[in-house]
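Hello,

Here is the structure I promised to pass on to you. Please open it next to this message, and my notes follow below.

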Amino acid sequence: MMKILPSILSAHFAYLADEVHDVARDVDMIHVDVMDGRFVPNITMGANVVEALKRESKVAQDVHLMVEEPIHLLPDFLSAGADMISVHVEACKHVHRAIQIIKEGGAKAGVALNPATPAAVLDSLLREVDYVLIMTVDPGFGGQRFIPSMLHKIRAVARMIHEKQVPVKIEVDGGINSETLPLCLEAGAELFVAGSAIFNAEDRHVAIEALLRSAQEK
């Protein structure tokens, strides 16, 4: 079943708890982008934000670690209450160990791929993870345009999942809106991270409804 995951990177940080409460009326999970200023240019938020939002809302949190050597940060995010955590294969020397730590901590484990990273790197990982996060823009900034060639990667990963017969979900992040979501859905994605398309809208409920409707109309 498809899900919309509002990315709080596009939310108003001064009213973050209110922003989360607003979208939690329509979704059961939010997406938390963690950036360290090294793996990607920007610096965003840490485990303290995850922990604070856990106290404010029961909505689940999908934590996307866009950081160098994320393995050292995993205990903090697990303790903070992250429900899903993905690490970038480009930034993690010991990906299998990171996956193991995440799962032992009680969260679902994912691996993330930058646009230039080929799907083939997943060959030894698909049997270990719960989901694959395919970046459909270069990570580090919100509001970017969707890269159309990523549809081929989504299809390639979907084929790999089918061939290996593993219960792995495909998540997409970057430039997701009412036009690109149906294309990704058709290619095989199930989890859709949307930031600007939701938080830049005047009414977040209407924006989420529009995304869901775009999937049904395809």
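The second largest pocket holds about 170 Å³ of space; please keep in mind that this is a predicted model. Its lining is made up of Met1, Lys3, Met29, Met84, Lys108, Asp130, Tyr131, Pro167, Lys169 and Leu191. Sorted by class, that lining has 6 nonpolar and 4 charged residues, and no polar ones.

One of the lining residues, Leu191, leads us to strand 8, which spans residues 191-194. Leu191 and Val193 point one way from the strand, while Phe192 and Ala194 point the other way. Are these four residues buried or exposed? All are buried. The pattern is a familiar one: in a regular strand the side chains alternate between the two faces of the sheet.

Strand 8 also has neighbours to look at. Strand 1 (residues 3-6) pairs with strand 8 in the parallel sense, over 4 bridges, and Ile4 has Phe192 as its bridge partner there. Strand 7 (residues 169-173) runs parallel to strand 8 too, joined to it by 3 bridges. In that case Asp173 is matched with Val193 of strand 8.

Next, have a look at helix 2. Its buried residues are Ala47, Val49, Val50 and Leu53. They lie on the same side of helix 2, because they cover an arc of only 160° around the axis. Asn48 and Arg55, on the other side of helix 2, are exposed. What covers the buried residues of this helix? The cover includes helix 1 (16-23), strand 2, strand 3 (60-66) and helix 3 (74-80).

Just ahead of that helix there is a loop worth a click. Val40 is found in the loop between strand 2 (29-35) and helix 2 (47-56). With a relative accessible area of 3%, Val40 counts as buried. Setting aside neighbours within four places in sequence, Val40 is in contact with Met35, Met66, Pro139 and Gly140. Gly140 is 100 residues away from Val40 along the chain, yet their C-alpha atoms are separated by 5.0 Å.

Last, a charged residue to check: Glu19, which has its place in helix 1. Its relative accessible area is 8%, so Glu19 is buried, the cut-off being under 20%. Not counting residues up to four places away in sequence, Glu19 touches Ala11, His12, Phe199 and Arg204.

Happy browsing, and do write back with any questions.

Best wishes

Definitions and conventions
Residues are numbered from 1 along each chain as its sequence is written. This is a predicted model: local features need pLDDT of at least 70, side-chain atom pairs count only at pLDDT 80 or more; totals for chains, interfaces and linings use all residues. Side-chain values use heavy atoms; hydrogens and water are left out. Helices (H or I, at least four residues) and strands (E, at least two) are DSSP runs, numbered from the N terminus. Buried means under 20% relative accessible area, exposed over 50%, partly exposed in between (1.4 Å probe, protein chains only). Contact means heavy atoms within 4.5 Å. The arc is that of the directions from the helix axis to the C-beta atoms. On a 1 Å grid over the protein atoms alone, a cavity is a set of points where a 1.4 Å probe fits but cannot get out, and a pocket is an open set with protein on both sides within 12 Å along at least five of seven lines; lining residues have an atom within 4 Å of a point. Grid points are joined across faces, edges and corners, and a volume is the space filled by probe spheres set on the points. Ala, Val, Leu, Ile, Met, Phe, Trp, Tyr, Cys and Pro count as nonpolar, Asp, Glu, Lys and Arg as charged, and the others, Gly among them, as polar. Two strands pair if DSSP finds at least two bridges between them.
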